[in-house]
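Let's walk through this structure together, one step at a time. Keep the 3D view open as you read, and turn it whenever a residue is named.

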Amino acid sequence: MPDKPLIDQLRALLPEPNEQLSAALDKVAQLEHEHSAAVEQARIERAFLLRAPREGLLYPGDALKLDDIVPKIREAGENEQALEDVFNTLRSSRPYLFAKPPASPANQKLSEPEQPRGLRHGSLTRQVQEIRRRRR
């Protein structure tokens, strides 16, 4: 009996509903349908949000707002391949939402600007700053 929807259970309990009961049952049926749709959407969004960090998506909430992802995943069958296809299309259409792939440490070191030699006032250690305060 728990497998049957609530509206079917209610209609089975009522032998002969009148107009008011029929209207109330229709409203219950509508609310039950809206609830199941909201639960399904939340489940799909949760799957998307759980997969987003692995894909390198920086702003998953923005991606959900920019693209209507839930119908795309629902149409594709709600499996891992559907999620992968959604992320691939999202990566090609909106690459700014994704993190840049990490560069190798050697290339990263070569691309950094050269640091000026010598100490600047902002880079002094606390001990040196304390010694200067004492001498003043």
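The largest nonpolar core of this predicted model has 14 residues, and Phe-48, Leu-57, Phe-87 and Leu-90 are the ones that touch the most other members. Three elements give two or more residues to this core: helix H2 (19-55), helix H4 (69-76) and helix H5 (80-93). The largest share is that of H5, with four residues.

Let's stay with Phe-87 for a moment. Which residues does Phe-87 contact, leaving aside its neighbours within four places in sequence? They are Phe-48, Arg-51, Ala-52, Glu-55, Leu-57 and Phe-98. Two of the core residues just named, Phe-48 and Phe-87, are both buried.

Now look at their rings. A pair of aromatic rings is described by the distance of the centres and the angle of the planes. The structure holds one aromatic pair, and it is formed by Phe-48 and Phe-87, which are stacked with 4.8 Å from centre to centre and 5 degrees between the planes. This pair links distant parts of the chain, since Phe-48 sits in helix H2 and Phe-87 in helix H5, 39 residues apart. Another ring to find is that of Phe-98: Arg-91 lies over its face, at 4.4 Å from the ring centre.

Next, turn to H4, another contributor to the core. Here Ile-69, Val-70 and Ile-73 are buried. Viewed down the axis of H4, these buried residues fall within an arc of 100 degrees, so they line one face of the helix. The spacing makes sense in general terms: an α-helix has 3.6 residues a turn, so residues three or four places apart point the same way. What do the buried residues of H4 pack against? Their partners are H2, helix H3 (60-66) and H5. Just after H4 comes Gly-77, with a positive phi near 115 degrees.

Finally, step back to view the whole protein chain. How many helices and strands are there? The chain has seven helices and zero strands, so its pattern along the sequence reads α-α-α-α-α-α-α. Of its 136 residues, 16% count as buried. The chain exposes about 11200 Å², and carbon and sulfur atoms supply 54% of that area. Among contacts between residues at least 6 apart in sequence, 55% join residues at least 24 apart; the stacked rings of Phe-48 and Phe-87, 39 residues apart, link distant parts of the chain too.

Technical notes. Residues numbered from 1 in each chain as written. Predicted model: local features only at pLDDT ≥ 70, side-chain atom pairs only at ≥ 80, totals over all residues. Heavy atoms only, no water. Buried < 20%, exposed > 50% of the residue type's maximum accessible area, 1.4 Å probe, protein only. Contact = heavy atoms within 4.5 Å. Areas by Shrake-Rupley, 256 points an atom, 1.4 Å probe, with all protein chains shown as cover. Core = buried A, V, L, I, M, F, W, Y, C linked by side-chain atoms within 4.5 Å. Arc of directions from axis to C-beta. Phe/Tyr/Trp six-rings, centres within 6.5 Å; stacked < 30°, edge-to-face > 60°. Lys NZ or Arg CZ within 6 Å of the ring centre and 35° of its normal.
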